[in-house]
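User: Please zoom in on one spot in this chain and walk me through what surrounds it, then carry on to the other parts worth a look. Spell out the cut-offs as you go.

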Amino acid sequence: MSVRILLCDDHVVVRAGLLALLGSTPDIEVVGEAGSGEEAVAMAAKLKPDVVLMDLQLGAGIDGVEATRRIAPTGVHVLVLTTYDTDADITRAIEAGATGYLLKAERPEELFAAIHSAAQGRTALSPPVASRVMDRMRGAAGPSLTDRERDILGQLGRGLGNREIARALFISEATVKTHLGRIYAKLGVDTRAGAVAVAKERRLLP
């Protein structure tokens, strides 16, 4: 049986190119085209495709991530197809429920394979995206912080100095400095700004 696809991209030329490409393979059928996030949500509910091929940046209205967040709970698989491969974009899309994340630079046969994987609910990631995801997982699996270290990190995130942190947590400045040294070592940084940046990236700070 062929995989039923709904295309979502705000560029007509891109949709036309994808339509021609997907039309060249007999086991993929494009059942609809959407030019906005709202349109994709409505068409996914109406057409119930196997997979929505979703761009992230969709001009005015909701973006691809929000559209994915609305479509995924309905049981329709969403395969992101985009030019954006930043950690933030990848994380947002996957957390929204995307089954896969593919870059537009991939070869046609890799796109076809990803579509079939997504239709079966299997994760499909472009190699560069998979590498980024693995790097983030390795980072997240790094040395864990103690409760006190997390407390101090939270105060750092508020921009407090050592003396202010000591007062806020009822500990000495020397103790704060000791904990900061351990935090820096665990996060692989050597500055307060670096610690805050890495902590935010690893979601250790709100």
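Analyst: N162 sits in helix 8, which covers residues 162–169; helices (H or I, at least four residues) and strands (E, at least two) are DSSP runs numbered from the N terminus. Before going on: this is a predicted model, local features need pLDDT of at least 70, side-chain atom pairs count only at pLDDT 80 or more, and totals for chains, interfaces and linings use all residues. Residues are numbered from 1 along each chain as its sequence is written, and side-chain values use heavy atoms, with hydrogens and water left out.

With a relative accessibility of 18%, N162 counts as buried; that label means under 20% relative accessible area, exposed means over 50%, and partly exposed is in between (1.4 Å probe, protein chains only). Setting aside neighbours within four places in sequence, N162 touches E173, V176, K177, L180 and R192, where contact means heavy atoms within 4.5 Å. With R192 there's also a side-chain to side-chain polar contact at 2.6 Å. A polar contact is a pair of N or O atoms within 3.5 Å; within protein, one must be able to donate a hydrogen and the other to accept it, and residues adjacent in sequence count only if both atoms are side-chain atoms.

Now widen the view to the helix pair. Helix 8 and helix 9 pack at about 105 degrees, their axes 8 Å apart. Axes here are lines fitted to C-alpha atoms, for helices over the stretch in contact, and angles run from 0 to 180 degrees between N-to-C directions. That angle makes helix 8 roughly perpendicular to helix 9; the bins are under 35 degrees for roughly parallel, over 145 for roughly antiparallel, 65 to 115 for roughly perpendicular and oblique for the rest. On the helix 8 side, N162, R163, I165 and A166 meet E173, V176, K177 and L180 of helix 9. By class, this contact has four nonpolar, one polar and three charged residues (Ala, Val, Leu, Ile, Met, Phe, Trp, Tyr, Cys and Pro count as nonpolar, Asp, Glu, Lys and Arg as charged, and the others, Gly among them, as polar).

Helix 10 spans residues 192–201, and G194, A195, V196, V198 and A199 in it are buried. Their cover includes helix 7 (147–157) and helix 9 (173–187). Just after helix 10, R203 has a positive phi of about 60 degrees.

There's another helix pair to set beside helices 8 and 9. Helix 1 (residues 12–22) and helix 5 (residues 108–119) pack at about 80 degrees, with axes 11 Å apart, which makes helix 1 roughly perpendicular to helix 5. L18, L21 and L22 of helix 1 make the contact with P108, L111, F112 and I115 of helix 5. The class split is seven nonpolar, no polar and no charged.

In the loop between strand 5 (100–103) and helix 5 you'll find R107, partly exposed with a relative accessible area of 48%. The side chains of R107 and E109 share a polar contact of 3.0 Å.

Last stop, D55: UniProt lists this residue as "modified residue: 4-aspartylphosphate" in an unreviewed entry, and such annotations may be inferred rather than shown by experiment. D55 is in the loop between strand 3 (51–54) and helix 3 (64–71) and is buried at 5% relative accessible area. Beyond neighbours within four places in sequence, D55 contacts C8, D9, D10, G64, L81, T82 and K104.
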